Amino acid sequence: MVGSRNLMNSIWFGEKITLFQAEIKEHLLKNHTERDILFNLIELYKIGDFTQKPSLIQLMNRTKDEAVLNLCIRVFFAIATHDDLRDSNNLRFLSKGTEETIDTFASAAITSLSLEVVPYLLALLEDWNEIDDTAIIIRDSLDFFLDYEAKIGEEATAEEIGDYYVEYCNENDTESYYFQQNLAFPGDLAKKLVQRAVIAAHNEEPLKMELIPSLLSILTGEKVPGDCRTIMNASHYKKMMEYINNLSIKNWEKGQKYFYGYKL
């Protein structure tokens, strides 16, 4: 993920800790540093308690610590529902965001799996169009959701992409969650992971896949046994297949969004 000053620089947010809900909440009340508060909030979300989501939003809009903000953004997108994204008050920090903040926001936006994030990306594209690197990240995320480049060209203006977005929403169910242009489903992500792992194992080369292992780990709460640099030898391939088989016996619903196995 983009950002030089990143906390929890991993493909997911770590294993669940063994504390009980009440203990985590007790820790939250005692914590005074923003980082401690954020880490404890993440632990609550990992056990399916999203009642403290407003605390994350408050911290995200208040913090002056870029590393805390970057992690807040990543966590927010991982647990945000369509309604959370429809409320622009939740994203007040964007109006004063630095280039790094906007880069983090735009690259992490795809993990929201929600078409409701597109209007923010369009507004940012208008504001940041002159900053080449940032504009590219924003456009990549818009293309991830809409595949607009294939339909209206990669030079399309924010206004043209906006018109295309309105049409797109009329033809799709905006209450569902999407990965690219398909209904989000861990099984489909696992299939893509297998296809890539087979090729990598055949050539004994690195997995070279970043987004899907990260997203699968966060959606399911089960960490993919490998990242983009993992060389797919026989033993890594075996672990990967065991992981996929374990996921396939669970009940996932198409078009729904999960965080650590809990439906949002």
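Buried means under 20% relative accessible area, and exposed means over 50%. The exercises below apply this to a predicted model.

**Exercise 1. Overall shape**

Task: Decide what radius of gyration a compact globule of 264 residues would have, and set the protein's value against it.

Solution:
- Start from the rule, 2.2 Å times the number of residues to the power 0.38.
- For 264 residues, the rule puts a compact globule near 18 Å.
- The protein has 19 Å, which agrees.
- The C-alpha trace spans about 50 × 50 × 35 Å along its principal axes.
- Secondary structure comes to 13 helices and 4 strands.

**Exercise 2. Core and surface**

Task: State what share of the residues is buried, and how much area the protein exposes.

Solution:
- Of the 264 residues, 51% are buried.
- The exposed area is about 12800 Å².
- Carbon and sulfur atoms supply 50% of that area.
- Now take contacts with a separation of 6 or more: 65% of them join residues 24 or more positions apart.

**Exercise 3. Classifying two ring pairs**

Task: Assign a geometry to the pair F93 and F105, then to the pair Y164 and Y168.

Solution:
- A pair of aromatic rings is described by the distance of the centres and the angle of the planes.
- The cut-off for pairing is 6.5 Å between centres; planes under 30 degrees apart are stacked, over 60 edge-to-face, and the rest tilted.
- The structure holds 12 aromatic pairs by this rule.
- F93 and F105 sit 6.2 Å apart, centre to centre, with 65° between the planes, so the pair is edge-to-face.
- Next, place the residues: F93 is in the loop between α5 (82-86) and α6 (99-108), while F105 is in helix α6.
- The pair therefore ties together parts that are 12 residues apart in sequence.
- Both F93 and F105 are buried.
- Y164 and Y168 also give 6.2 Å centre to centre, but with 45° between the planes, so this pair is tilted.
- Y164 and Y168 both lie in helix α10 (residues 158-171), 4 residues apart, about one turn of the helix.
- Y164 and Y168 are both buried.

**Exercise 4. A ring cluster**

Task: Which residues do ring pairs link into a cluster?

Solution:
- The cluster contains W12, F13, Y45, F50, F259 and Y260.

**Exercise 5. Cysteines**

Task: Find how many disulfides the whole structure has, and class C169 and C228 by accessibility.

Solution:
- The search finds 0 disulfides.
- C169 has a relative accessible area of 17%, so C169 is buried.
- C228 has 21% relative accessibility, so C228 counts as partly exposed.

Conventions:
Residues are numbered from 1 along each chain as its sequence is written. This is a predicted model: local features need pLDDT of at least 70, side-chain atom pairs count only at pLDDT 80 or more; totals for chains, interfaces and linings use all residues. Side-chain values use heavy atoms; hydrogens and water are left out. Rings of Phe, Tyr and Trp (its six-membered ring) pair if their centres lie within 6.5 Å; planes under 30 degrees apart count as stacked, over 60 as edge-to-face and the rest as tilted. Helices (H or I, at least four residues) and strands (E, at least two) are DSSP runs, numbered from the N terminus. Buried means under 20% relative accessible area, exposed over 50%, partly exposed in between (1.4 Å probe, protein chains only). A disulfide is a pair of cysteine sulfur atoms within 2.5 Å. Contact means heavy atoms within 4.5 Å. Accessible areas come from the Shrake-Rupley method with a 1.4 Å probe; for residues, only the protein chains shown count as cover.
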